[in-house]
Protein chains: 4
Amino acid sequence: MQIGMVGLGRMGGNMAKRIYRAGHECVVYTRSQETIAEFVREGMTGASGLSDLVAKLTPPRAVWVMLPAGEITESTVAQLQELLVEGDCVIDGGNTFYKDDIRRAQVCRDKGLAYIDVGTSGGIWGFERGYCLMIGGEKTAVDRLDPIFKALAPGRGAIEATPGRANRDPRAEQGYIHAGPAGAGHFVKMIHNGIEYGLMQAYAEGFDILRGKSSPKLPEAERFTLDLADIAEVWRRGSVVSSWLLDLSAMALAEDANLSNFTGAVEDSGEGRWTVEAAIEESTPVNVLAASLFARFRSRQDHTFADKLLSAMRFKFGGHVEPPASG
Amino acid sequence: MQIGMVGLGRMGGNMAKRIYRAGHECVVYTRSQETIAEFVREGMTGASGLSDLVAKLTPPRAVWVMLPAGEITESTVAQLQELLVEGDCVIDGGNTFYKDDIRRAQVCRDKGLAYIDVGTSGGIWGFERGYCLMIGGEKTAVDRLDPIFKALAPGRGAIEATPGRANRDPRAEQGYIHAGPAGAGHFVKMIHNGIEYGLMQAYAEGFDILRGKSSPKLPEAERFTLDLADIAEVWRRGSVVSSWLLDLSAMALAEDANLSNFTGAVEDSGEGRWTVEAAIEESTPVNVLAASLFARFRSRQDHTFADKLLSAMRFKFGGHVEPPASG
Amino acid sequence: MQIGMVGLGRMGGNMAKRIYRAGHECVVYTRSQETIAEFVREGMTGASGLSDLVAKLTPPRAVWVMLPAGEITESTVAQLQELLVEGDCVIDGGNTFYKDDIRRAQVCRDKGLAYIDVGTSGGIWGFERGYCLMIGGEKTAVDRLDPIFKALAPGRGAIEATPGRANRDPRAEQGYIHAGPAGAGHFVKMIHNGIEYGLMQAYAEGFDILRGKSSPKLPEAERFTLDLADIAEVWRRGSVVSSWLLDLSAMALAEDANLSNFTGAVEDSGEGRWTVEAAIEESTPVNVLAASLFARFRSRQDHTFADKLLSAMRFKFGGHVEPPASG
Amino acid sequence: MQIGMVGLGRMGGNMAKRIYRAGHECVVYTRSQETIAEFVREGMTGASGLSDLVAKLTPPRAVWVMLPAGEITESTVAQLQELLVEGDCVIDGGNTFYKDDIRRAQVCRDKGLAYIDVGTSGGIWGFERGYCLMIGGEKTAVDRLDPIFKALAPGRGAIEATPGRANRDPRAEQGYIHAGPAGAGHFVKMIHNGIEYGLMQAYAEGFDILRGKSSPKLPEAERFTLDLADIAEVWRRGSVVSSWLLDLSAMALAEDANLSNFTGAVEDSGEGRWTVEAAIEESTPVNVLAASLFARFRSRQDHTFADKLLSAMRFKFGGHVEPPASG
């Protein structure tokens with residue numbers, strides 16, 4: 001099968017390679033000529049721009065856009081909507097907000113184009129392990145591109161089968177699903193990331209308590225100096241909290257149990273925010289997912305204005321002065 | 001009436017004065033001779049120690065201990081349990097954990113002593129405005145000391161009466177209540193402080209959003225530069241969020257809307273913690289009270305180990321590097 | 001001064017009356033002829049529709065729209081934008097989302113109209129106590145309508161002045177402020193309501209713990225049966241947690257300390273949600289405000305699907321069966 | 001090696017079997033004669049009581065107590081402290097509070113006994129997969145019993161090794177660790193469970209949003225009807241949120257995506273509570289772990305008193321009446 005790939009960064013580049021190595025034909029484009037040349041050396045076809053890329057693909061075309069969510073993706077999709085013709089398909093594999101997909105799919109539909117949104121998980125491990133794909137869009141287009149999705153997905157691997165799935169969509173066991181109409185793929189990916197924030201924060205808080213257990217502020221008889229790397233490791237075997245995020249934590253803690261290469265300023269991306277907003281739209285309580293998001297906001301500030309107002313009130317009603325920080 | 005006062009700090013000293021100015025007799029003791037001398041100059045009787053204080057009081061005695069919660073209060077109460085005799089009364093007016101009151105009251109009961117715990121609110125304003133008192137202990141002892149409590153309490157003042165209280169305990173409208181047996185006074189005060197944390201945090205978060213609305217990170221058309229001092233002031237009049245804590249916030253913000261005298265490291269005392277623990281004992285969900293407590297813990301750290309572990313996981317799965325802090 | 005009032009519900013009707021009683025002229029319109037007739041009997045001028053209302057006002061006109069936020073307000077403002085002429089002014093006094101104000105103000109500006117958004121607090125008490133007003137819009141229009149705002153606002157009343165406000169805008173002490181350009185009024189009101197949710201939830205959780213302290217599940221020696229009405233009352237005097245919301249709680253608890261007229265399904269309106277979204281836009285952590293919102297979502301469900309999934313996981317890993325509810 | 005096992009319930013029984021099948025000798029005791037007979041048929045030695053069990057073991061003895069945490073464990077350990085002699089060892093494999101271990105270990109030490117606390121994870125799957133063991137106690141005793149721990153633990157299995165562990169304790173990779181002195185085992189297990197609550201709640205909230213996305217309250221164009229079973233399944237392959245808890249969720253959702261066998265009343269055990277309390281002792285913020293605990297408390301109530309007070313306040317300030325529930 002043939003695919004056009006726009007964007008050859010960490011994600012797009014590896015995905016193109018994984019597709020290519022599965023025997024498919026890739027026409028690639030990105031801003032840097034050097035990067036394109038590198039992929040051409042691997043055997044792919046380079047394009048000098050979007051129209052060249054479209055020209056080099058045989059109809060019905062499929063162009064996978066793998067760019068940072070936001071303006072650059074928006075304008076690339078808009079250009080492709082002009083360049084492509086009836087029967088062609090645009091795929092947005094980035095982290096686009098699902099309501100943008102719904103809007104764009106309508107524009108595509110009016111022009112006879114198919115629009116597919118793909119949420120992908122797997123990070124820098126995806127090239128080797130495969131990417132978990134959550135796909136939204138019209139059935140016919142999604143079915144037609146099945147070989148591409150199959151090539152990207154991890155496949156069954158060594159993971160044990162879930163009982164009772166005999167009559168269910170076998171694609172889920174291969175690591176990809178057709179979640180619903182346009183937008184559904186990115187919506188499911190968005191919630192995936194919301195959950196991810198919650199899982200990460202749960203481990204983070206737990207290890208923080210473990211580490212704090214050696215604090216000289218605790219009664220001496222109740223202090224423990226715990227080996228966080230060994231604890232992470234042992235939980236990987238037979239415990240209820242085993243997970244891939246724990247595997248990664250075990251790696252990081254084995255390297256340096258103090259994590260001294262990290263300051264603790266934690267970025268967040270759109271998905272965590274949109275997850276909380278989606279919950280609010282549905283009137284669904286999400287204390288854990290929201291608290292996980294707020295922990296990241298907080299991590300990027302030294303002190304909040306909120307904290308200062310607390311101090312000011314305490315001073316006003318009780319004459320309390322502030323303690324030195326850290327503690 | 002006559003009372004012994006042990007502890008003449010910011011709280012105890014002002015309470016002694018308020019009691020004395022209401023026409024009662026005060027025998028006072030604290031570690032510093034100078035401080036005692038100052039109160040003697042006001043007309044009170046000084047004592048050279050706990051036994052001298054007990055000796056200078058006429059049975060049935062009442063000794064009010066107004067010391068920091070913890071060991072010093074514990075040992076003072078223990079000494080008084082030895083020095084006082086049947087019919088006398090020990091009052092702990094500090095911020096003692098209510099389970100300690102329950103334990104101590106049992107010891108007192110065995111010796112024929114009364115034990116009263118008084119939670120007080122009012123801070124540095126109490127001397128003028130009066131102290132809100134939440135009292136635990138046996139009815140006879142509490143009733144006997146009513147003149148003292150009345151002297152300390154704010155009285156009706158200009159505050160409008162609550163309809164429908166005709167047949168209820170009139171003391172509540174004077175600003176003091178007999179909440180229940182020993183421990184009940186401090187328990188009610190503890191929850192009072194738990195609520196206080198929640199109220200403070202609600203204002204703090206709200207003003208933080210107001211302040212952040214001028215951030216250059218927001219779209220220009222949606223930025224506002226708001227006058228926090230005027231907003232606090234206007235909410236004092238006719239709005240649903242008017243309160244004494246808002247009055248204090250309005251004062252602080254009128255002095256300096258940037259609160260630049262405060263770093264934002266916020267202390268917490270036992271009550272906020274015990275409130276969450278009491279909720280856990282009852283299986284009562286308290287998301288707001290707990291989050292308020294945690295905000296204070298967080299305010300005293302630059303970065304948590306939890307934050308670092310988040311960063312470490314993000315690096316491991318996605319190769320993400322940390323952003324610079326603040327933002 | 002003269003004002004047109006559209007919408008004569010609980011809020012709009014009382015506001016018209018308060019304006020009228022202050023000596024201003026009111027031309028009123030609402031859907032119900034009967035309601036209009038009632039206001040005409042009070043001395044106001046009735047209008048048969050929006051164009052009649054506009055016709056009955058002398059330029060430069062000011063029309064105050066006091067309708068439920070959403071479509072009805074939107075379409076009324078749109079009609080007025082057509083009917084009014086250069087120099088006139090539309091005022092939206094409802095609970096409109098501030099970004100809608102920003103958009104509408106631009107449309108008005110293009111037509112030479114002024115647009116003012118007013119957030120009001122005070123509920124059903126406002127008619128007597130006055131309404132706290134948070135106003136957004138252009139200075140000239142806001143200044144011109146000052147007599148109307150002054151009539152609606154509570155005025156200084158018996159509330160003690162905040163020290164240090166000598167050189168500040170005196171309107172804040174009268175209970176109204178010009179917060180900023182169009183949208184700023186509703187933005188400040190929105191945050192006001194976000195804070196309100198937080199304050200309410202703090203009291204709610206605290207009283208829940210107090211009530212639960214009599215639970216037979218606690219050790220007998222640690223149980224207290226507390227009088228919630230008296231506790232609410234006493235805290236109104238001299239305590240740090242005194243507030244208007246506490247006054248109202250004291251009323252409700254004095255009527256019935258079991259609150260048995262209420263089931264506990266709690267509505268939320270747009271402002272609480274928008275507050276959390278505004279915080280997310282600013283990357284401001286708001287654990288308390290968000291938890292307060294989620295408590296309301298949760299209050300309207302018997303069980304969440306989330307709860308069921310917890311039970312399902314527990315069954316799968318541990319064979320745990322569910323306990324009976326309420327506990 | 002030889003071990004005494006007290007308690008043959010779901011956990012103790014399977015552990016005895018796993019130890020026995022690894023070639024060790026087991027002397028077992030539980031209240032039910034029938035149950036003992038069943039284990040005797042498997043080849044183990046039955047005991048008629050604790051003293052018989054002690055008599056049937058060769059010094060230095062090791063008795064593993066596997067009973068519900070609380071009084072029954074406490075009194076059994078106390079009896080064993082009387083029956084055992086210098087050089088013997090008591091092991092508490094239940095879910096005991098770690099401060100109880102610290103206290104008991106001191107008593108044992110005074111008598112020349114060793115005391116070991118073992119936190120175990122693995123649930124009903126442990127018999128087959130092995131139990132993850134977190135062990136506290138003196139090194140010599142822990143080392144002596146290594147064959148027993150090794151028999152219970154899962155071993156390396158097919159789980160990939162964590163890089164950089166060459167010079168670290170190899171036991172962690174076998175699924176057991178010596179965490180520290182007495183109490184450390186249960187402390188680590190306690191935090192394990194605290195994390196478990198957080199992870200579970202993160203998934204639960206996420207799936208709740210996914211399910212709610214089909215709600216008729218949302219705009220029609222933004223609704224999706226998502227297949228939760230397929231989503232859980234696909235996330236097991238290559239996604240960042242893969243975990244054993246997700247595997248279990250996938251099983252449960254494959255059986256019935258509505259989870260209609262569950263009402264959603266969710267039990268909690270001591271560990272989740274103690275985790276929050278340990279965090280409070282350390283001043284460590286744990287918004288997610290606490291919120292997860294509170295979600296369980298909330299799940300067991302129809303409505304909270306807190307909710308009712310919110311409704312009461314809303315009625316008092318705004319005349320608002322309650323909506324019907326479920327919304």
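Reader: Where is the place of A:Pro60 in chain A?

Author: This is a predicted model, in which local features need pLDDT of at least 70, side-chain atom pairs count only at pLDDT 80 or more, and totals for chains, interfaces and linings use all residues; side-chain values use heavy atoms, with hydrogens and water left out. Residues are numbered from 1 along each chain as its sequence is written, while chains are lettered from A and ligands numbered from 1 in the order in which they are written. Helices (H or I, at least four residues) and strands (E, at least two) are DSSP runs, numbered from the N terminus. On that numbering, A:Pro60 sits in the loop between α3 (50–55) and β4 (62–65) of chain A.

Reader: What is omega at the cis peptide bond that joins A:Pro59 and A:Pro60?

Author: C:Pro59 and C:Pro60 are joined by a cis peptide bond, with omega about -10 degrees. C:Pro60 lies in the loop between α3 (50–55) and β4 (62–65) of chain C. For A:Pro59 and A:Pro60, omega is about -10 degrees.

Reader: Which residue just after α2(A) takes a positive phi?

Author: Start at the other end of helix α2 (residues 33–41) of chain A. There, a side-chain oxygen of A:Ser32 comes within 3.3 Å of the backbone nitrogen of A:Glu34. Just after α2(A), phi is positive, about 120 degrees, at A:Gly43.

Reader: Which residue of chain C has a positive phi although it is not a glycine?

Author: Look in the loop between α12 (244–255) and α13 (270–282) of chain C. The residue there has a phi of about 50 degrees, and is C:Leu259.

Reader: Which are the edge strands of the chain A sheet?

Author: The sheet is open, with eight strands in mixed pairing and the order β3-β2-β1-β4-β5-β6-β7-β8. Two strands pair if DSSP finds at least two bridges between them. An edge strand pairs on one side only, and in chain A these are β3 (45–46) and β8 (176–180).

Reader: Which residue in β3(A) does A:Val28 stand opposite?

Author: Strand β2 (residues 25–29) of chain A runs parallel to β3(A), and two bridges join them. Opposite A:Val28 in β3(A) stands A:Gly46.

Reader: Why is one side of β3 (45–46) and of β8 (176–180) of chain B left without a neighbour in the sheet?

Author: Chain B has an open sheet of eight strands, ordered β3-β2-β1-β4-β5-β6-β7-β8. The two strands stand at its edges, so one side of each has no neighbour: each has a single partner strand.

Reader: What is the bridge partner of B:Ala62 in β5(B)?

Author: Strands β4 (residues 62–65) and β5 (residues 89–92) of chain B run parallel, joined by four bridges. The partner of B:Ala62 is B:Cys89.

Reader: What area do chain A and chain D bury between them?

Author: The contact (heavy atoms within 4.5 Å) takes 93 residues from chain A and 93 residues from chain D. A:Ile209, A:Arg237 and A:Val240 supply 11% of the area that chain A buries there, more than any other three residues. Buried area is the accessible area (1.4 Å probe) that two parts lose on being put together, summed over both. For chain A and chain D, 67% of it is on carbon and sulfur atoms, and the total is about 7,400 Å².

Reader: Which helix of chain A gives the most to the side that touches chain D?

Author: The count between the two chains is 10 salt bridges, each a side-chain nitrogen of Lys or Arg within 4 Å of a carboxyl oxygen of Asp or Glu. One of them joins A:Asp230 and D:Arg168 (3.9 Å, N to O). With 19 residues, the top contributor on chain A is helix α10 (residues 184–212).

Reader: How many salt bridges does the rule find across the interface of chain C and chain B?

Author: Chain C and chain B bury about 7,500 Å² between them. B:Arg165 forms a salt bridge with C:Asp230, the closest N and O atoms being 2.9 Å apart. Across this interface the number of salt bridges is 10.

Reader: How many residues apart are B:Glu281 and B:Lys99?

Author: Their side chains meet in a salt bridge (2.6 Å, N to O). B:Glu281 is in helix α13 (residues 270–282) of chain B and B:Lys99 in helix α5 (residues 98–111), so named in the same chain. The pair links distant parts of the chain, and the separation in residues is 182.

How values were computed: Polar contact = N/O pair within 3.5 Å; in protein donor to acceptor, adjacent residues only side chain to side chain.
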